[in-house]
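This report is written for someone meeting the structure for the first time. Please look at the sequence and the model before reading on.

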Amino acid sequence: MTTENHPTDPRPAEPRLLPWPSPEGKPCYLISDGDGGRISDLADDIEELQLDLASEVLTHSRTMLSAAEPPRPVELRFVAYRLAESLHDALRVAESRGRRLP
């Protein structure tokens, strides 16, 4: 793994995995000099929103599953879909951030 480069180091920083896919569904990467920037800041904001949403989905699913009346199948499918979506996003954030650890 590459960490921040020394100013005279000609190697580029490790490309950052962005929290959104390309229009074709492929991973998007940001290649920068490691000093941040607009796209990096936007990616940070989106990652934070994704993690906040995952927390909300988890709280909602726990509440629904612990209710006295069992959830209907359509509700279970919906929450399962949202949990899978949130897990996917959280794993992508973890991968992106893990790549940038020293």
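The text below covers a strand hairpin and then an internal cavity in this predicted model.

**The hairpin**

Strand 1 covers residues 16-21 and pairs with strand 2 in the antiparallel sense, over 3 bridges. Leucine 17 has tyrosine 29, in strand 2, as its bridge partner. The two strands form a hairpin, with 5 residues lying between them. In that turn, glycine 25 has a positive phi of about 85 degrees.

Strand 2 runs over residues 27-30, and its side chains alternate between two faces. Cys28 and Leu30 point to one face and are buried. Pro27 and Tyr29 point to the other face and are not buried. Tyr29 is thus described twice: its side chain is on the face that is not buried, and tyrosine 29 is the bridge partner of leucine 17.

**The cavity**

A search of the whole structure finds 1 cavity of 30 Å³ or more. The volume of the largest cavity is about 40 Å³. Its lining consists of Gln50, Leu53, Ala54, Val57, Glu85, Ser86 and Asp89. Helix 1 (38-65) and helix 2 (73-99) each supply at least two of the lining residues. Helix 1 gives the largest share, with 4 residues.

The table sorts the lining of the largest cavity by class.

| Class | Residues in the lining |
|---|---|
| Nonpolar | 3 residues |
| Polar | 2 residues |
| Charged | 2 residues |

Key. Residues numbered from 1 in each chain as written. Predicted model: local features only at pLDDT ≥ 70, side-chain atom pairs only at ≥ 80, totals over all residues. Heavy atoms only, no water. 1 Å grid on protein atoms, 1.4 Å probe; cavity = no way out; pocket = protein on both sides within 12 Å on 5 of 7 lines; lining within 4 Å. Points joined across faces, edges and corners; volume = space filled by probe spheres on them. Nonpolar A, V, L, I, M, F, W, Y, C, P; charged D, E, K, R; others polar. Buried < 20%, exposed > 50% of the residue type's maximum accessible area, 1.4 Å probe, protein only. Pairing = 2+ DSSP bridges.
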